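Here's a quick look at one helix and a handful of charged pairs. Have the model open while you read.

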Amino acid sequence: MRKLFFSFLILPLFVAAQISCAAAQSSTSEGKESTKAATSETTATAEGKQVATLAGGCFWCTEAIFKELRGVERVESGYSGGSVKNPTYEQVSSGTTGHAEVIQITFDPTVVSFKELLEVFFVTHDPTTLDRQGADIGTQYRSAVFYHSKEQKKIAEEVIKDFTAQKLYPNPIVTKLEPFNAFYKAEEYHQNYYERNPEKGYCRIVIEPKVLKFRKQFINKLKKTEQSQ
């Protein structure tokens, strides 16, 4: 039954319009400031909160989804996994810095576990396409889990093993497990992009369908404000 449920969920989410996030971001960035926040290497916060760093293609999409998940207290779009300090969007989008577009999630583990975050992560993007999500191609769009501890790495390995055993995907999972090193917050115009720009073409055609499917399939895991809509 669980296999059927995930198969029903995954396939529609993979059928996305072939609109390039890179093109949309390039257009949006014109005339915008490139001020960036300092590097954050926090792996845990006060009051028992934890941090997860995930890469699933365009961070506009992943941010919009995880912001609605109960137990998630903050989601920031940014860059991880590269060799350049304080990279700009233009540098990352060139594919030469080694960074991936990521979201850094601060969550309450007493409400939502890291494993649950990964289950949502794996069914709301395509983890079987190497360095690619839809029309976006390059290492900056790779599927990756930047683990903050040995425990997070172990959980990620177990989730991948479980999903693989259930044969939920037609192709092998290629998500990379990379040790977390640093997180660089993306430029301000990237933050809360879907919420602030619902009328934009990329938001309406690509992000909105993903968010609506997520809400429908994970209704019991949504924040109360979303459940009431």
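## Helix H6 and the salt bridges

Lys150, Lys161 and Ala165 are exposed on one side of H6. Keep in mind that this is a predicted model. The helix itself runs over residues 150-165, 16 residues in total, and spans 22 Å from its first C-alpha to its last, close to the 22 Å expected. Turn to the other side and you'll find Gln152, Ile155, Ala156, Val159, Ile160 and Phe163, which are buried. Looking down the axis of H6, these buried residues sit within an arc of 135°, so they line one face of the helix. That fits a simple bit of geometry: an α-helix has 3.6 residues a turn, so residues three or four places apart point the same way. Just after H6, Lys167 has a positive phi of about 55°.

Now for the charges. The count comes to 8 salt bridges, and the table picks out some of them.

| Pair | N to O distance | Separation along the chain |
|---|---|---|
| Lys49 and Glu73 | 3.9 Å | 24 residues |
| Lys67 and Glu195 | 2.7 Å | 128 residues |
| Glu68 and Arg215 | 2.6 Å | 147 residues |

Each pair ties distant parts of the chain together. Lys49 lies in the loop between H2 and E1, and Glu73 in strand E2. Lys67 is in the loop between H3 and E2, with Glu195 in helix H7. Glu68 is also in the loop between H3 and E2, while Arg215 belongs to helix H8.

How buried or exposed are these residues? Lys49 counts as buried at 10% relative accessibility, and Glu68 is buried at 7%. Lys67 is partly exposed at 26%, whereas Glu195 is exposed at 58%.

Finally, Arg74, Glu76 and Lys185 are joined in a network of salt bridges.

Conventions:
Residues are numbered from 1 along each chain as its sequence is written. This is a predicted model: local features need pLDDT of at least 70, side-chain atom pairs count only at pLDDT 80 or more; totals for chains, interfaces and linings use all residues. Side-chain values use heavy atoms; hydrogens and water are left out. Helices (H or I, at least four residues) and strands (E, at least two) are DSSP runs, numbered from the N terminus. The expected span of a helix is 1.5 Å times one less than its number of residues. Buried means under 20% relative accessible area, exposed over 50%, partly exposed in between (1.4 Å probe, protein chains only). The arc is that of the directions from the helix axis to the C-beta atoms. A salt bridge is a side-chain nitrogen of Lys or Arg within 4 Å of a carboxyl oxygen of Asp or Glu.
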